[in-house]
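Open the model in your viewer and keep the sequence beside it. This tour goes from one selection to the next and says what is there.

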Amino acid sequence: MRVATFNIDSLDMPPKAAVALEHRIPILRPQLERVRADILCLQEVNAQHVAGLAGRELLALDKLLAGTRYEGYARAVSSVPGDARRVADVHNLVTLSRWPIRDVRSIRNDRVPPLRYRPVTAAGAAAQEIAFERPILVADIALPRGGLVTVVNLHLRAPLAAPVAGQKIAPFVWKSVDGWAEGYAIAAWKRTAQALEARLLVDDLMDAHPGRLLVVAGDFNAEDHETPLKILVGAEEDTGNGLLAERSLVVLARSLPADRRFSILYHGRHQMVDHILVNAAALAHFRTLEV
C-alpha cells in the first residue's frame, strides 16, 4: 500500500486561477503519476460553478486526473458545515483511493469549539469567534485483504497573520507591527487548536477500534517538534506515561536522512511541513518513505 500527500496549491480554473490550468496540468500530472499512490491525500482543491446547479463541482480536479490511474479512484471530499453534500469554493480536501471508501466525514470545530477573542489592536472591536477555515477529512478505506485503514487528511492554518479589523492597508501590507503581531498570534492559535481537534479525533478513533490502522497525512504548516506536531504525536516523553505509548503517532519523515527531510524551500530555508503520521498498528507495515 502506497499512501501519498500533496498540496496542489489552489488548483482552479479561470477566472480565479493564477496560472491557467492547461499550463499546470503538464507539470502536476506526471508528478501524480510518478507517485503511483494507492491512497492519495490532496489539499487546496478549489471547486467551480456549473451552469444550472446551485453548488460547485471539482471540475479542475477532474481535468487534472483525466487519463491517469486516479481517474477511476474512489473519492472522499471535505464538505461545508451543515451540508455533507456541498463542497467549499476554495481549499477542499480530497482523498483518492484505489480501494472502496466505506465511510467519510468532515470534522470542523466538532470537538474544539471556536475560540472567543476580542482583538486588542482593533479599536472598539467586539469579541469574535476564531473558527477553523478548513475541516479535517476522515475516510475509512477497505483493504483488498480485508480490514480497514482510516486516513485522516488535514491542512492546518498557514503561519500567515490572520486579518485584524482596521489593521491592514492591503492584503499583505499592515499598518502597524503590533497589528501584524496580533494577527500572527491568532493564526498560531488556530493552527494549534485544530491540531488539538485532530489529536482528540485520533483518540476517539483508537477508543472505537484500538487495533485499527491509522494514517494522518497532509499539510501541517509546521515542522517536526513544533507545537502542532507535538500535540498530534502525543509522545511518551511528553505524557510521561509508558502505558500511553500505543496512543502515540510516529512521524515517518524521521526515517529520512536530515538533508532529505524537507518538502518546500521557502526564502532559502528547507522546511518539512507536509507529513505522514501513523499509529503503532500501521507502523508495523511501514517500509520506506519518499519526498
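Which residue in S6 is the bridge partner of Ile 39? Select Ser 97, the residue of S6 that is bridged to Ile 39. Bear in mind throughout that this is a predicted model.

**Around S6**

Extend the selection to strand S6, residues 92–97. Strand S2, residues 39–45, runs antiparallel to S6 and is joined to it by five bridges. Now add strand S5, residues 74–77, which is also antiparallel to S6, with four bridges between them. Ser 97 turns up again here, since Ala 74 stands opposite it.

Show the side chains of S6. Asn 92, Val 94 and Leu 96 point one way, while Leu 93, Thr 95 and Ser 97 point the other way. Is S6 mostly covered or mostly open? It is mostly covered, with six of its six residues buried.

**The whole chain**

Zoom out to the full protein chain. It has six helices and 18 strands. Its radius of gyration is 20 Å, close to the 19 Å that the globule rule gives for 291 residues, so the chain is as compact as a globular protein of that length. Along the principal axes, the C-alpha atoms fill a box of roughly 60 × 55 × 40 Å.

Colour by accessibility if your viewer allows. Of the 291 residues, 45% count as buried. The chain exposes about 15,000 Å², and carbon and sulfur atoms supply 55% of that area. Of the contacts between residues at least 6 apart in sequence, 71% join residues at least 24 apart. For charges, compare the mean position of the 35 positive ones with that of the 33 negative ones: the two points are 2 Å apart.

**The six-stranded sheet**

Next, select the strands S7, S10, S11, S14, S18 and S15, which in that order form an open sheet with mixed pairing. Its edges are strand S7 (101–107) and strand S15 (250–251), each of which pairs on one side only.

Inside this sheet, pick out S14 (residues 213–219) and S18 (residues 274–278). They pair in the antiparallel sense over five bridges. To see one of the bridged pairs, select Val 215 and its partner in S18, Val 278.

**Asn 109**

From S7, follow the chain into the loop that leads to strand S8 (115–117), where Asn 109 lies. Is Asn 109 buried or exposed? Its relative accessibility is 16%, so Asn 109 counts as buried. Leaving out residues up to four places away in sequence, Asn 109 touches Pro 114, Ala 131, Phe 132 and Glu 197. One of these, Phe 132, is 23 residues from Asn 109 in sequence, and their C-alpha atoms are 6.8 Å apart.

**Backbone stops**

The last selections concern backbone angles. Most residues other than glycine have a negative phi, and most peptide bonds are trans.

Select Pro 14 and Pro 15: the peptide bond from one to the other is cis, with omega near 5°. Pro 15 lies in the loop between strand S1 (3–11) and helix H1 (21–35).

Step back into S1 to find Asp 9. Asp 9 is not a glycine, yet its phi is positive, about 60°. At 48% relative accessibility, Asp 9 counts as partly exposed.

End at His 225, in the loop between S14 and helix H4 (227–233). His 225 is not a glycine either, and has a positive phi of about 75°. With 54% relative accessibility, His 225 counts as exposed.

Technical notes. Residues are numbered from 1 along each chain as its sequence is written. This is a predicted model: local features need pLDDT of at least 70, side-chain atom pairs count only at pLDDT 80 or more; totals for chains, interfaces and linings use all residues. Side-chain values use heavy atoms; hydrogens and water are left out. Two strands pair if DSSP finds at least two bridges between them. Helices (H or I, at least four residues) and strands (E, at least two) are DSSP runs, numbered from the N terminus. The radius of gyration is taken over C-alpha atoms; the globule rule is 2.2 Å times the number of residues to the power 0.38. Buried means under 20% relative accessible area, exposed over 50%, partly exposed in between (1.4 Å probe, protein chains only). Contact means heavy atoms within 4.5 Å. Accessible areas come from the Shrake-Rupley method with a 1.4 Å probe; for residues, only the protein chains shown count as cover. Lys and Arg count as positive and Asp and Glu as negative; His and the chain ends are not counted. The place of a charge is taken as NZ of Lys, CZ of Arg, CG of Asp or CD of Glu.
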